[in-house]
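This briefing introduces a single structure to a reader who has not met it before. It takes up charged pairs, one helix and the enclosed or open spaces in turn.

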Amino acid sequence: MSGCIVGWAHTKFGKHDGRDVESLIVEVAQGALADAGVAAADIDQVFLGTMNGGFVKQEFPASLVFQADPGFRFKPATRVENACATGSAAIHMGLNAIEAKKARLVLVVGVEKMTEVSGAVVNDLLLRASYRKEEDEIEGGFAGIFGQIAQKYFQRWGDQSDALARIAAKNHKNGVGNPLAQMQRDLGYEFCRTVSDKNPLVAGPLKRTDCSLVSDGAAAIVLADLPTALAMKKAVAFRAAEQVNDFLPMSKRDILAFDGPALAWKRALANARLGLDDLDLVETHDCFTIAELIEYEAMGLTPPGEGARAILEGWTEKDGRLPINPSGGLKSKGHPVGATGVSMHVLAAMQVTGSAPEGMQIPGAKLAGIMNMGGAAVANFVSILEPLRA
């Protein structure tokens, strides 16, 4: 790949009362430029990732990036949307522009402001990332969809409630070390395993601790072509960047196979000339704990039906065989939909440059995998990052 990450910025995720989408965009756009040491006038193209669809009234947001600096005026700016994989889709647009030699420097921003509407409205808006002709009546919105996936998984492979609770507990424990995370509380396994007033069942076997958070936040990266990146103070290269889309209706595929994520991982590892064991960490899309469990199988960490082994035997802990979601993941960090994919790339870039927060850093990390998923394994993006210079 010819594109490299040369600067980044990231707001804290959470509920940002009194702030709008514009202010979040401006903060990270200015921060990423400063981090890269470039000016707005140096940027050739801008890509802004947001799902929106009704979270906020402001649509047509790409040129809101220009509010960060008048030097952006007259630059090409494009809004990108691909459900929960929107941020990664925007990054791919930037990489494509560089690969086509249409840009030397690209700014990518991911943003979402989800907390201005009620929980019921959030559920309805997120359900738009499903196949509404068949899945519109599923109770509980997207939690209901993944509740059904969990039920089907349990029917095929046995009750995995212990494994799901371990995943939730792991990610909450990891989030304590991430100052950008929405929830920095180690809830513990027993709390995550037990149905209670504070941890009720939400959909099927999924409890509140199995579900990612409704969040506000933004993240941004500056991408540069290889000659430019070599002259920058820091640069993180894409060893691989793959996109695989699958059918939207769950009825047209085996939803427990996660064929799209599996193929994206297979292609990324092949193109990077790596095995999964070569990676030092993975940031994966734990919108629900059952998603992380099946993603263990999709990435090849375990055979189908054996994902529980990876968490129950400690493979995916920060000191395990393959640390997964050392940031706390979507579960603890938060999931502002359009920002998530960019956030994953920022936090992975921090890891491979040794600049992650002390409590989050994986010692000696040089190769990081990222898996960002839109819908129920529909839009699937896998990246592998490494420092450009050893």
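Glutamate 59 is partly exposed, because its relative accessible area of 34% falls between the limits of 20% and 50%. The model is a predicted one, and the points below set this residue beside its charged partner before turning to other parts of the chain.

**Salt bridges**

- The count of salt bridges comes to 13, and one of them joins the side chains of glutamate 59 and arginine 79, with N and O 3.0 Å apart.
- Arginine 79 belongs to strand S3 (residues 77-80), whereas glutamate 59 sits in the loop between strand S2 (45-49) and S3, so this salt bridge ties together parts that are 20 residues apart in sequence.
- Arginine 79, like its partner, counts as partly exposed, and its relative accessibility is 29%.
- Another salt bridge is formed by arginine 132 and aspartate 124, whose closest N and O atoms lie 2.8 Å apart.
- In that pair, arginine 132 is partly exposed at a relative accessible area of 28%, and aspartate 124 is partly exposed at 34%.
- A salt bridge of 3.0 Å, N to O, also brings together the side chains of aspartate 254 and arginine 156.
- This pair links distant parts of the chain, 98 residues apart, with aspartate 254 in the loop between strand S8 (236-245) and helix H9 (259-272) and arginine 156 in helix H5 (residues 141-157).
- Aspartate 254 is partly exposed, with a relative accessible area of 34%, and arginine 156 is partly exposed as well, with a value of 45%.
- Lys113, Glu116 and Asp216 are joined into one network by salt bridges that share partners.

**A buried lysine without a salt bridge**

- Lysine 207 is placed in strand S6 (residues 206-207).
- Although lysine 207 is buried, it has no salt bridge, and the nearest side chain of opposite charge is that of aspartate 210, 4.1 Å away, so the pair falls outside the 4 Å limit for a salt bridge.
- Leaving aside residues up to four places away in sequence, lysine 207 touches Cys192, Arg193, Thr194, Val195, Asn199, Pro200, Leu201 and Val202.

**Helix H5**

- Helix H5 has 17 residues and spans 24 Å from its first C-alpha to its last, which is close to the 24 Å expected at 1.5 Å a residue.
- Among the buried residues of H5 are Phe142, Ile145, Phe146, Ile149, Tyr153 and Phe154.
- An α-helix has 3.6 residues a turn, so residues three or four places apart point the same way.
- Just after H5 comes glycine 158, which takes a positive phi of about 100°.

**Cavities and the largest pocket**

- Across the whole structure, a search finds two cavities of 30 Å³ or more, and the largest cavity has a volume of about 60 Å³.
- The lining of the largest cavity includes Glu59 and Lys113, of which Glu59 takes part in the salt bridge with arginine 79 and Lys113 belongs to the network with Glu116 and Asp216.
- The largest pocket holds about 690 Å³ of space, and of the 32 residues that line it, the closest to its centre are Arg208, Cys211, Ser212, Leu213 and Val214.
- Helix H3 (119-126) and H5 are the elements that give two or more residues to the lining of the largest pocket, and H3 gives the most, with four residues.

Note on methods. Residues are numbered from 1 along each chain as its sequence is written. This is a predicted model: local features need pLDDT of at least 70, side-chain atom pairs count only at pLDDT 80 or more; totals for chains, interfaces and linings use all residues. Side-chain values use heavy atoms; hydrogens and water are left out. Buried means under 20% relative accessible area, exposed over 50%, partly exposed in between (1.4 Å probe, protein chains only). Lys and Arg count as positive and Asp and Glu as negative; His and the chain ends are not counted. Contact means heavy atoms within 4.5 Å. The expected span of a helix is 1.5 Å times one less than its number of residues. On a 1 Å grid over the protein atoms alone, a cavity is a set of points where a 1.4 Å probe fits but cannot get out, and a pocket is an open set with protein on both sides within 12 Å along at least five of seven lines; lining residues have an atom within 4 Å of a point. Grid points are joined across faces, edges and corners, and a volume is the space filled by probe spheres set on the points.
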